[in-house]
Amino acid sequence: MSILLDQSNRVLVMGITGNYGKFFVTDSGGYGTTVVAGVSPGRGGTDVDGIPVFEGARAACQATQADTAMVFVPPPLVRAAAIEAIEAGCRLVVATADEMPVRDTIEIRAAAKANGARLVGPNSPGIISPGKAKMGFMPSFCFMPGPMGVISRSGSLSYESSKRLTQAHIGQTTVIGIGGDPIKGTTAAEAMALFHLDPETRAILYLGEIGGAEEAAVAAYASQPHAKPVAALIVGKTAPPGKKMGHAAAMVGSKADSHAAKTRLLAKSGVLVCKDLTDLVAQAKNALAAAA
Amino acid sequence: MMILEHEAKALLRSVGVAVPQGSLIKSPTRLPKIKSYPIALKAQVRSGGRGKLGGVIRVNNATALKAGARKLFNTTFGDEKPEVLLADPWLPFERELYLSVTIDGTAEGYVVLYSPKGGVDVESGTPPARYPIGPASQFRAQGFRAVLEKVEKDFQLREKLIFLAQRLVETAAARDCNTIEINPLVQLKDGSLMALDAKIVYDDWAHYRNSDILDQQKAERARADKYLRASLEMGHMYVKLDGDIALISGGAGMTMGAMDMIKAAGGKPACFLDASPGPTSTRGYKPAFQMLDADPSIKVILVSVFGGGTHMNRVASAMKENMAMRKSKKPVVFRLDGTYVDQVPAIFETFGAKNHPNLESAVKEAIKLARSA
């Protein structure tokens, strides 16, 4: 199995006629994702590579039974498009955009909660269940199906790490990019809980960074008696305090934000902490061995 | 981005929060006429810990004002010198409190923080009481009251704090502030509250709906040198470090991962530079190379990009163009991986570049070149 996404998700693309939308239809459709509809106001009735385009999400969902939305509109428009998809009945909405005002994310998260839906993102690569479906632009060759659930705050780091796992023949159930922003559609704690319930996920790899409270949630999960084994890589050891390292949430503001504090807390909670990227595969293997 | 104290106070005043009636000093030779001493003379800088670094002076007369202003204009706080000072009346107060609104992941939105003891040592004291809200519209007086009842005995003060906090939360949402912190918030003799200091952090990405943020970004670029300015205009995220191996990378996590690996392998990273150009543009690499080539502390440039939406054939072609344009002889080490990486070797062959198969080998090469430079 996998979490949140497989071939059965019927995907609606918000902003399907833009460059990102068009590339997604080709790339993700080729991977196996079931893309059924697109929305582009003013272009209803046309199609993109045979995928029908609608004026709005409600019409698209009614005509195609879409239940999942991929949002590819410019950052100022993401809030409107994501909430439109949620209110049209989509239960999973993936928004990869960075440059999103935090207030907009807060409002999308609240709308998702009120409608029993889930947001993944923003400022995230999206989500991939290897061999089944992907929602995002991740390079497919870096992934293969297998027993490891992967959670990442950073897109490119999730590609790098997944490629290392795949080269070592460690496949993944699902790789979820929770994103680099302070407010997340899906938090590390929520992703851990989903992987915990997935019978095929035997161990979890968490890719974190300095700043924020996600790592504390990972530690809290790992210290529970029936937790699945967790390995973690935390980047930003060399980041100076008080500086925002690209991601809005990646800043050492207090002592708890630092690399040292986070890795200490994780190790104390039983997490297998990777020394650096080079150590990643070894710790992932240790986590799988602990699951056996 | 963080704005200056006097700018933050002007914003608070505009939403009805009481602040001292201060005056601005823009030069040590053009001092205002102060009607009543003492005053608090305050350096206007963005770096934290100003009070502990001597950035706030109590001034009792015009002679002391002249000396104090000269001193503050000539002091560097963190990495900045004040361009303006704020002269606030020195007010007697009964109590110093702490009140802030900020963004918090576990609150799923805004959180209000309150401490009955404010002032410069607030971070080392008891952690403040938390009222998690979520979206701004979910602020409830009774919710914050329940939190305050545990830490604040004065019921009249509690009600004033609730009234003020709600306005701060609404302002944070309406004006896209990720943090509004009042420390100290003081209670005057008559029981009223006044913000003696204020820190506001704007959400950079809300620039299209808040002209104050746009103006702040323009001013930030104007303060940068011409190389950094060009890079900021491309939307790059840049943090200078003290090493000699510069990094052009894509994605914040991968950039930090590469920095950490350079350090672990015995090298010294010279910067964090996230230059993710997106799938349709590679223009951003040109100002990045110009900035790093002009920096004399940098000996080697390591280009490490692992792209999904960023296509490696485009990045490789952009590298070819940039290498042809460069005048600098600084060596460049490449490690590209991700979407369409299979097309990279053929493009690199046309200008004699080598693509390293993994980060470890690229980092090793960069360190070797830095040592021999």
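These are my notebook entries on a predicted model with chains A and B.

**Entry 1. Chain A overall**

I began with the make-up of chain A and found nine helices and 14 strands. I then looked up the extent of the chain. Along the principal axes, the C-alpha atoms of chain A fill a box of roughly 55 × 40 × 30 Å. I compared the radius of gyration with the globule rule: a compact globule of 292 residues would come near 19 Å, and chain A has 19 Å, so the two agree. On burial, I noted that 61% of the 292 residues of chain A count as buried. I also looked at the contacts in chain A with a separation of 6 or more, and 71% of them are between residues 24 or more positions apart.

**Entry 2. Domains of chain A**

I looked up the domain assignment of chain A, which gives domain 1 as 10-120 and domain 2 as 138-291. The C-alpha centres of these two domains of chain A are 27 Å apart. Eleven residues from domain 1 of chain A and seven residues from domain 2 of chain A take part in the contact.

Which elements give two or more residues to the domain 1 side of chain A? I found α4 (102-114) and β7 (118-120) of chain A there. The largest share of that side, six residues, comes from α4(A). I sorted the domain 1 side by class and noted eight nonpolar, one polar and two charged residues.

**Entry 3. A sheet in chain A**

I traced an open sheet of seven strands in chain A, with mixed pairing and the order β3-β4-β2-β1-β5-β6-β7. Its edge strands are β3 (47-48) and β7 of chain A, each of which pairs on one side only. I followed one pair within chain A: β1(A) and strand β2 (residues 34-39) run parallel and are joined by five bridges. For a single position, I noted that A:Met14 has A:Val39 in β2(A) as its bridge partner.

**Entry 4. A:Asp6**

I picked A:Asp6, in the segment before β1 (10-14) of chain A. Is A:Asp6 buried, partly exposed or exposed? I noted 16 C-beta neighbours inside 10 Å, so A:Asp6 counts as partly exposed; a buried residue would need 20 or more. Apart from neighbours within four places in sequence, A:Asp6 is in contact with A:Ser129, A:Lys132 and A:Ala133. I also checked A:Asp6 against A:Lys237, which is 231 residues away along the chain, and found their C-alpha atoms separated by 35 Å.

**Entry 5. Domains of chain B**

I turned to chain B, where the assignment gives domain 1 (21-89), domain 2 (95-208) and domain 3 (225-372). I looked up one spacing: the C-alpha centres of domain 2 and domain 3 of chain B lie 43 Å apart.

**Entry 6. Strand β14 of chain B**

I looked at β14 (residues 300-307) of chain B and found eight of its eight residues buried. Side chains in a regular strand alternate between the two faces of the sheet. I therefore listed the two sides of β14(B) separately. One side has B:Val300, B:Leu302, B:Ser304 and B:Phe306, the other has B:Ile301, B:Val303, B:Val305 and B:Gly307, and all are buried.

Next I looked up the strands that pair with β14(B). Strand β12 (residues 245-249) of chain B pairs with β14(B) in the parallel sense over five bridges. Within this part of the structure, B:Ile245 stands opposite B:Val300 of β14(B). Strand β15 (residues 332-338) of chain B also runs parallel to β14(B), with seven bridges joining the two. I noted B:Leu336 in β15(B) as the bridge partner of B:Val305. Helix α9 (residues 312-325) of chain B makes a right-handed β-α-β unit together with β14(B) and β15(B).

**Entry 7. Where chain B touches chain A**

I ended with the contact between the chains, in which 43 residues of chain B meet 48 residues of chain A. Which elements of chain B each supply at least two residues of its side? They are β11 (237-240), α7 (252-264), β13 (271-274), β14 and α11 (359-372) of chain B. The largest share, eleven residues, comes from α7(B). By class, I noted 20 nonpolar, 16 polar and seven charged residues on the side of chain B that touches chain A. The strand from the previous entry, β14 of chain B, is thus on my list for this contact too.

Note on methods: Residues numbered from 1 in each chain as written. Chains lettered and ligands numbered in written order. Predicted model: local features only at pLDDT ≥ 70, side-chain atom pairs only at ≥ 80, totals over all residues. Domains from an automatic or database assignment. Contact = placed C-beta atoms within 7 Å. Helix = DSSP H or I, 4+ residues; strand = E, 2+ residues; numbered from the N terminus. Nonpolar A, V, L, I, M, F, W, Y, C, P; charged D, E, K, R; others polar. Buried ≥ 20, exposed ≤ 12 C-beta atoms within 10 Å, placed from the backbone. Pairing = 2+ DSSP bridges. Right-handed = clockwise from strand over helix to strand, strands pointing away. Rg over C-alpha atoms; globule rule 2.2 N^0.38 Å.
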